[in-house]
Amino acid sequence: MRYFKTCLIAVATATTLFYSSTSLSVDKFEIYGFFPSKWSSNTIPVCWENPSSANAEGRKWTKEAIKETWERHSRLNFTGWSQCHNRSMGIRIFIDDDGPHTKGLGSQLDGRRNGMVLNFTFNHWNRACRRSLSFCIKVIAVHEFGHALGFAHEQNRPDAPRECQKERQGGDGDVYLSEYDPESVMNYCNPEWSGGGTLSRKDIEGLQKWYGEPTTQKPVQKPVQKPVQKPAYKPATDRNEEKTFFRIVNVSANDVLNIRYLSNPRSKKVGKIPHNKGCIAYLNQTNYYKSRKWVKISYQGAQGWVNSKFVRRDENLDCSTFYQVINVDDNDVLNLRQSSNFRSRKVGTIPSNACCILKLDETYANKKWLMVRYNSTIGWVHSHYLMQQTVGFCDSCQ
Amino acid sequence: MIRAKMLSALPLLTVFISSISLGACITKDTQNDDKMTVKSEANTFDFSRIEGRNYYLLEEGFTCRANAPGKPILKSWKNRVEFNNGDILIWETVCNDNPTVKPFDIKNFSFSEDLSLLKYQSEEYSFYAEPPKLCPGGQWCPVTELE
């Protein structure tokens, strides 16, 4: 955020001088700086273009999110929040099942019809949000209101990491109110999607440099309430299923653990595991060879048997990565396959709206496939149809 | 002797230069250039003719990364420009939620007579009354990253 764009178009005559060339692609510093897109008043009217009883809840969540973030940490006061009229000024919000956006930055939106578009239904855009409506609506509202206050995308900054600049989108800023902020709600490159709708410390600093600190001490910002992430996944009823992952033990640093086709040490090797590996998927099968217990595992797509004296249950919570289904139509299901290719036998299906799908293993041998467990069924799914579950998604993993 | 050689080379040089000029003329004489007739009429151009219109620059296989949970890669147009309230909005990809807004200046644009085509920064854009469907579902079209 702090990276503000301040081009304003009110001074048409001045800007015309800069546009006297045959192209609009003028160096950004040539066209900025006449007037900031910063609002001249700290009181900013907000209105709805198409309020209805059907979108009342989304409007309420939006207002709450803005009150808890931009308004709470500054002198800003967003007023109105009623139906727009022909001549309404300020931020005019249109509710539509489309990509949320703002048509410009800051005061460029003043009085612009449909200047901000918010999505409250997500039937045609970002459909994963249908499972977590209030969270999504609030997170997106905080980001779009950031634009409405004049803040550009943080990842567009020249001092952003190179891999983040690849995601640059939209207009640039010209005012740096702080150093690059990877945690900004305005940063596409934030590892947490839009910062979970919670302003970062630097977001707040930048906000206050432009719009002042709140005149009265307001309560500390409550983070956007994320749906409670219930235990990682449905507790297994089978005791064996609790032993989902192993780590390697009793293997020296210069050695590896062989994965065997059958549960005996003379069977064919089908893979090997480095001595220090953990989070190795247990496939709920045991066998005995000369009174020694063997367990079936999967490691990077290689399934086979290992002697149990070389593995222990891995208690590391990081082993439990959960996914949800994406890119599957409502009336369709996702196939679970026996092995990592599309021609493999189907062993089960997953509904299009399923989440809390536990990843057990993955392989890149035939593009990226994930071995997952869903309702006690283990199988492989192409990664195109799964998305790592964001905190706040899937209201319940029961 | 040298002068004689230079003189004999003159016709050849003339032919060469002529062929280059002719080539250049042929190159410029494209159908699309012919269509672009509304140009640089800064004082007479009526913005209301294009108000609200969206023009798209499509390129097969173009993608972008959406700012959405899971950061999906979406099919996208390469650019979209919209004429809105006397401004031009440069949208870039379908993933962008914040277009660059600039004052409209007709000098930077050429339109076909029927306003169905637009030339902007040497590229030709097409008018769509509704956004072009990038997949049967519309505009939200995730693609597999590794494919």
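The following legends describe close-up views of a predicted model with chains A and B.

**View 1. The open sheet of chain A is built from 5 strands.** The strands of this sheet follow the order β3-β2-β4-β6-β5 in chain A, and their pairing is mixed. At the edges stand β3(A) and β5(A), the latter covering residues 101-102, and each of these two strands pairs on one side only. Strands of a sheet pair through backbone hydrogen bonds, in either a parallel or an antiparallel manner.

**View 2. Strand β2(A), residues 43-48, has one covered and one uncovered face.** The covered face carries Ile44(A), Val46(A) and Trp48(A). Thr43(A), Pro45(A) and Cys47(A) belong to the uncovered face. In a regular strand the side chains alternate between the two faces of the sheet.

**View 3. Strand β2(A) is joined to β3(A) and to β4(A).** Strand β3(A) comprises residues 77-83, runs parallel to β2(A) and is joined to it by 6 bridges. Within this pair, Pro45(A) stands opposite Thr79(A), and Cys47(A) stands opposite Ser82(A). Strand β4(A), residues 91-95, is also parallel to β2(A), and 3 bridges connect the two. Here Cys47(A) has Arg92(A) of β4(A) opposite it.

**View 4. A right-handed β-α-β crossover leads from β2(A) to β3(A).** The two strands of the crossover are joined by 6 bridges and run parallel. Between them the chain passes through helix α3(A), residues 56-71. What span should this helix of 16 residues have at 1.5 Å a residue? The expected value is 22 Å, and the end C-alpha atoms of α3(A) are 21 Å apart, so the two values agree.

**View 5. Helix α3(A) has several buried residues and packs on the sheet.** The buried residues of α3(A) are Gly58(A), Trp61(A), Thr62(A), Ala65(A), Ile66(A), Glu68(A), Thr69(A), Trp70(A) and Glu71(A). Their cover includes strands β3, β4 and β6 of chain A, together with helices α4 (133-148) and α6 (201-211) of the same chain. In the sheet, whose order is β3-β2-β4-β6-β5, helix α3(A) touches β2, β3, β4 and β6, and its direction makes about 170 degrees with that of β3(A). Helix α4(A) also packs on the sheet, where it touches β4, β5 and β6 of chain A. The direction of α4(A) makes about 175 degrees with that of β6(A).

**View 6. Chain B contains 2 helices and 10 strands.** From the N terminus on, the two helices come before the strands in chain B. Of the 147 residues in this chain, 28% are buried. Among contacts in chain B between residues at least 6 apart in sequence, 52% join residues at least 24 apart. The mean pLDDT of chain B is 76, and 68% of its residues reach 70 or more. Over residues 12-35 of chain B, however, pLDDT stays under 50, and the model has 6 contacts beyond four places in sequence for this stretch. The model scores ipTM 0.72 and pTM 0.60.

**View 7. Asn84(B) lies in strand β5(B), residues 79-84.** Is Asn84(B) buried or exposed? Asn84(B) counts as buried because 22 C-beta neighbours lie inside 10 Å, and the cut-off for a buried residue is 20 or more. Leaving aside neighbours within four places in sequence, Asn84(B) is in contact with Gly52(B) and Leu89(B), and also with Lys103(A). The C-alpha atoms of Asn84(B) and Ile50(B) are separated by 8.4 Å, although these residues are 34 apart along the chain.

Definitions and conventions. Residues are numbered from 1 along each chain as its sequence is written. Chains are lettered from A and ligands numbered from 1 in the order in which they are written. This is a predicted model: local features need pLDDT of at least 70, side-chain atom pairs count only at pLDDT 80 or more; totals for chains, interfaces and linings use all residues. A residue is buried if 20 or more other C-beta atoms lie within 10 Å of its own, exposed if 12 or fewer, and partly exposed in between; C-beta atoms are placed from the backbone. Helices (H or I, at least four residues) and strands (E, at least two) are DSSP runs, numbered from the N terminus. Two strands pair if DSSP finds at least two bridges between them. A crossover is right-handed if, with the strands pointing away from the viewer, the path from the first strand over the helix to the second runs clockwise. The expected span of a helix is 1.5 Å times one less than its number of residues. Two residues are in contact if their C-beta atoms, placed from the backbone, lie within 7 Å. Axes are lines fitted to C-alpha atoms, for helices over the stretch in contact, and angles run from 0 to 180 degrees between N-to-C directions. pLDDT is the predictor's confidence in each residue, from 0 to 100.
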